[in-house]
Amino acid sequence: MTDENAATTSEGLVRSGGRVIVGVDGSASSVEALRRGAGIAERYGATLAGVTAWSYPDAWHGYVGADWSPEQDAHEIAAETAQQVFGDALPSWYAPEIVHGSPAFVLIEATKTADLVIVGNRGRGGFAGLLLGSVSRSIAERAHCPVLIIRGGDSPAS
């Protein structure tokens, strides 16, 4: 699908001044999702939020290393991804959002106030051979707004 086709399929989904959210986890497909979201938000005069969720690992026992912080990792991932898409100057209509919680829950909640949610088909974890990751599948099933799933460079079928 070309960018021109993607903009056409978003016709009527995003209102002028609306809100587009993108799941950002640093994977190639989330970088592509942010690029696509930027084009759509700019075209329709919408705001764009790059949402990065963070949480402690399930096996967290309170100590992994004195310098490790999953929240700090989330901030770094969000900044690096935004830099890849926008360069050093972030547009005024873009804002990163770093939120504590599971990625699927955080993004599904965010869809309650969005015109469109965009996610990559595969994140950083899981099994690379699957067509959809668990987060993109959950969002496709439970979102409160239209969903656009982007295949990125790390997808086996790209």
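Which residues in H2 meet which residues in H3? In this predicted model, local features need pLDDT of at least 70 and side-chain atom pairs count only at pLDDT 80 or more, while totals for chains, interfaces and linings use all residues. Residues are numbered from 1 along each chain as its sequence is written, and side-chain values use heavy atoms, with hydrogens and water left out.

On the H2 side, Val 31, Leu 34, Arg 35 and Ala 38 meet Thr 81, Ala 82, Gln 84, Val 85 and Phe 86 of H3, where contact means heavy atoms within 4.5 Å. By class, six of these residues are nonpolar, two polar and one charged. Helix H2 spans residues 28–44 and helix H3 residues 70–86; helices are DSSP runs of H or I with at least four residues, and strands are runs of E with at least two. The two helices pack at about 55 degrees, with their axes 9 Å apart, and are therefore oblique to each other (neither under 35, nor over 145, nor 65 to 115 degrees).

Phe 86 also helps to introduce the largest nonpolar core: among its 22 residues, Val 20, Ile 40, Leu 48, Phe 86 and Ile 118 touch the most other members. Such a core is a set of buried Ala, Val, Leu, Ile, Met, Phe, Trp, Tyr and Cys residues joined through side-chain atoms within 4.5 Å, buried meaning under 20% relative accessible area with a 1.4 Å probe, protein chains only. H2 supplies the largest share of this core, seven residues. Beyond its neighbours within four places in sequence, Phe 86 is in contact with Leu 34, Ala 38, Leu 48, Pro 91, Trp 93 and Tyr 94.

Methods
Axes are lines fitted to C-alpha atoms, for helices over the stretch in contact, and angles run from 0 to 180 degrees between N-to-C directions. Ala, Val, Leu, Ile, Met, Phe, Trp, Tyr, Cys and Pro count as nonpolar, Asp, Glu, Lys and Arg as charged, and the others, Gly among them, as polar. Buried means under 20% relative accessible area, exposed over 50%, partly exposed in between (1.4 Å probe, protein chains only).
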